[in-house]
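This report walks through one structure, from a single side-chain contact outward to cores, helices, strands and turns. The sequence and model come first.

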Amino acid sequence: MKDHIILASGSAIRSKLLSQAGTIFDVVIPRIDETTIRDSLCQEGASPRDIADTLAEMKAQKVASKHPGSLVIGCDQVLAHKRSLLAKPETKEDALQQLYALRGDTHQLLSAVVVYADAGPVWRHVGLVRLHMRDATDAYLNDYVDRNWDSIRHSVGSYKLEEEGVRLFSRIEGDYFSVLGLPMLELLSYLTLRGTLPS
């Protein structure tokens, strides 16, 4: 690998995905006020796709400014349901309210990745997944949140598809890796074409 790769994300699952794909990288967690930026973009009428892309770019830019010789991967994921964006739940009650709103309906996950090199963006992609949640009972959702709170409190939408959260869904349209927060196939293809990863 000719490039020094930095993952600008504190997400354990993103690190795991890249590691399992045989990628060598460092992790630098960007310090940006995601909530304020997201709220500002929403007020300006930005689309969920643009919000995810902007947040991913800001993370990459923040880290790249301090590591100008590195290839920096910034990521972000937003969940769009009807006319609103969901954030990570702060309490168990928040998690339940999110799941009550999503059950029996379809929502979208948009996973953005922006790559910076030489302090500028060189590649970007936004993966879109449509998820159809089954109409689970109140009792099941309450028990689900109680059993999984330590894990799902870090997840937008209050579920993890790679864990028990898969039982909440009847159908998924799109790429599994994008559900996890990183469009791996597209990213790895770019890194291979660039020569960062061996072909």
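A polar contact of 2.7 Å joins the side chains of His107 and Tyr159. The model is a predicted one. His107 is found in strand E5. With 1% relative accessibility, His107 counts as buried, the cut-off being under 20%. Its partner Tyr159 is buried too, at a relative accessible area of 5%.

His107 has other neighbours. Leaving aside residues up to four places away in sequence, His107 touches Leu79, Ala80, His81, Leu102, Val129, Arg130, Leu131, Met133, Tyr159 and Phe169.

**Aromatic pairs**

The aromatic pairs number four. Tyr140 and Tyr144 make up a stacked one, with 6.3 Å from centre to centre and 25° between the planes. Why are Tyr140 and Tyr144 separated by about one helical turn? They sit four residues apart in helix H5. An α-helix has 3.6 residues a turn, so residues three or four places apart point the same way. Tyr140 and Tyr144 are both buried.

Another pair is edge-to-face, because the ring centres of Tyr159 and Phe169 lie 4.9 Å apart with the planes at 70°, and edge-to-face requires over 60 degrees. Tyr159 belongs to the loop between H5 and E7, while Phe169 belongs to strand E7, so this pair ties together parts ten residues apart in sequence. Phe169 counts as buried at 12% relative accessibility.

**Nonpolar cores**

The largest nonpolar core has 23 residues, of which Tyr144, Val145, Tyr159 and Leu168 touch the most other members. H4, E6 and H5 are the elements that give two or more residues to this core. H5 supplies the largest share, six residues.

Which residues does Leu168 touch, not counting residues up to four places away in sequence? Leu168 touches Leu99, Met133, Arg134, Tyr140, Leu141, Tyr144 and Tyr159. Another core, of 20 residues, lies apart from the largest one; among its members are Ile5, Val113, Leu180 and Leu188.

**Two helices with a buried side**

Helix H4 spans residues 92–102, and its buried residues are Ala95, Leu96, Gln98, Leu99 and Leu102. They lie on the same side of H4, because they cover an arc of only 160° around the axis. The cover over these residues includes strand E3 (71–81), strand E4 (84–86), strand E5 (106–117), strand E6 (120–133) and helix H5 (138–152).

Helix H2, residues 34–43, has Ile37, Arg38 and Leu41 buried. Down the axis of H2, these residues fall within an arc of 95°, so they line one face of the helix. The buried residues of H2 pack against helix H3 (48–64), E3 and E4.

**Strand pairing**

E5 and E6 pair in the antiparallel sense over twelve bridges. In this pairing, Val114 stands opposite Arg124 in E6. The two strands form a hairpin, with two residues between them.

E6 also pairs with strand E7 (residues 169–173), in the antiparallel sense over four bridges. Here Met133 stands opposite Phe169 in E7. Both of these residues also touch His107. Met133 is likewise a contact of Leu168.

**Positive phi**

Most residues other than glycine have a negative phi. The table collects residues with a positive phi.

| Residue | Place | Phi |
|---|---|---|
| Gly45 | just after H2 | positive, about 85° |
| Gly104 | following H4 | positive, near 70° |
| Asp118 | turn of the E5 and E6 hairpin | positive, about 55° |
| Ser158 | loop between H5 and E7 | positive, about 65° |

Asp118 has its positive phi although it is not a glycine, and Ser158 likewise is not a glycine. Are these residues buried or exposed? Asp118 is exposed, with a relative accessible area of 67%. Ser158 counts as buried, at 0% relative accessibility. Asp118 lies in the loop between E5 and E6. Ser158 is found in the loop between H5 and E7. That loop also holds Tyr159, whose side chain is in polar contact with that of His107.

Technical notes
Residues numbered from 1 in each chain as written. Predicted model: local features only at pLDDT ≥ 70, side-chain atom pairs only at ≥ 80, totals over all residues. Heavy atoms only, no water. Buried < 20%, exposed > 50% of the residue type's maximum accessible area, 1.4 Å probe, protein only. Arc of directions from axis to C-beta. Contact = heavy atoms within 4.5 Å. Pairing = 2+ DSSP bridges. Polar contact = N/O pair within 3.5 Å; in protein donor to acceptor, adjacent residues only side chain to side chain. Core = buried A, V, L, I, M, F, W, Y, C linked by side-chain atoms within 4.5 Å. Phe/Tyr/Trp six-rings, centres within 6.5 Å; stacked < 30°, edge-to-face > 60°.
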